[in-house]
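Thanks, everyone. Please bring the model up on your screens, and we will walk through it.

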Amino acid sequence: MQLDEAKKSVENFGLIHSENHITKQDIAKLGFADDMRKLKSIHRERMLEDLSCLLNDKIREFEKIEQEDKWKESVLQRLNAELNTKVVQLENANRTITEEKARSDELNKKLQETLLKLQSSEEQLRLERDWLAQQVEQKSKEVLDTIRELIKNEKPQ
């Protein structure tokens, strides 16, 4: 029998038996119930204060992040507005350059046409000059021939 009890004792070592549990009634009997309630209440208040501080810190962090985001957004909007202004200016400048290039191309085309006309006129004038020089030379020969004839005709007399 003692051996059986020793065996049971070894098997049940570390187990908590219901007869060994402390109940609320046991604590109330000892007079700790009010103290425990006060301790729990104080503990709850401290936990609530800690949670409140943590929440307030998080709220401040989020507000700071929100302000930074708003600032970044305003900077982005300002930069976008400036960029849009520059784009409009560049588009206007490109339009002006395109118009000026078209005018320049038209003027170049007219200049080329004028140069071709001038070259053609120059060639025509050269031909006319050469023809006139030939005519003058021919007429001069004719005049000289006529003068020689006249001189010849006058000498025998």
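Start at Arg-126. At 34% relative accessibility, Arg-126 counts as partly exposed. Three classes are in use here: buried is under 20% relative accessible area, exposed is over 50%, and partly exposed is in between, with a 1.4 Å probe and protein chains only. The partner is Glu-123, and the two form a salt bridge with the closest N and O atoms 2.7 Å apart. By salt bridge I mean a side-chain nitrogen of Lys or Arg within 4 Å of a carboxyl oxygen of Asp or Glu. Glu-123 is partly exposed too, because its relative accessible area is 37%. Both residues sit in helix α3, three residues apart, about one turn of the helix. Glu-122 joins in: salt bridges with shared partners tie Glu-122, Glu-123 and Arg-126 into one network.

Now the ground rules. This is a predicted model, in which local features need pLDDT of at least 70 and side-chain atom pairs count only at pLDDT 80 or more, while totals for chains, interfaces and linings use all residues. Residues are numbered from 1 along each chain as its sequence is written, and side-chain values use heavy atoms, leaving out hydrogens and water.

Next, confidence. pLDDT is the predictor's confidence in each residue, from 0 to 100. The protein averages 85, and 78% of the residues score at least 70. Where is confidence lowest, and where is it highest? Helix α2, residues 24–30, is the low point, with a mean of 61. Helix α3, residues 33–154, is the high point, at 92.

On to the overall layout. There are three helices and zero strands. From the N terminus, the order is α-α-α. These are DSSP runs, numbered from the N terminus: helices are H or I with at least four residues, strands are E with at least two.

How much of the protein is buried? Buried residues make up 1% of the 157 residues. The exposed surface is about 15,500 Å², and carbon and sulfur atoms supply 58% of it. Those areas come from the Shrake-Rupley method with a 1.4 Å probe; for residues, only the protein chains shown count as cover.

Back to the charges. The structure holds 10 salt bridges. Among them is Asp-57 with Arg-60, at 2.7 Å, N to O. This pair lies in helix α3, three residues apart, about one turn of the helix. Asp-57 counts as partly exposed because its relative accessibility is 38%. Arg-60 is exposed, at 51%.

Another is Lys-101 with Asp-105, where the closest N and O atoms are 3.0 Å apart. Here the spacing is four residues, about one turn of the helix, again in helix α3. Asp-105 is partly exposed, at 39% relative accessibility.

Last stop: a nonpolar patch. Which residues make it? Val-143, Leu-144, Ile-147 and Ile-151 do, and the patch covers about 340 Å². Patch residues have over 30% relative accessible area and no salt bridge; like charges are joined within 9 Å, and nonpolar side chains (Val, Leu, Ile, Met, Phe, Trp, Tyr) within 5 Å. Leu-144 is in helix α3. Leu-144 counts as partly exposed, at 45% relative accessibility.
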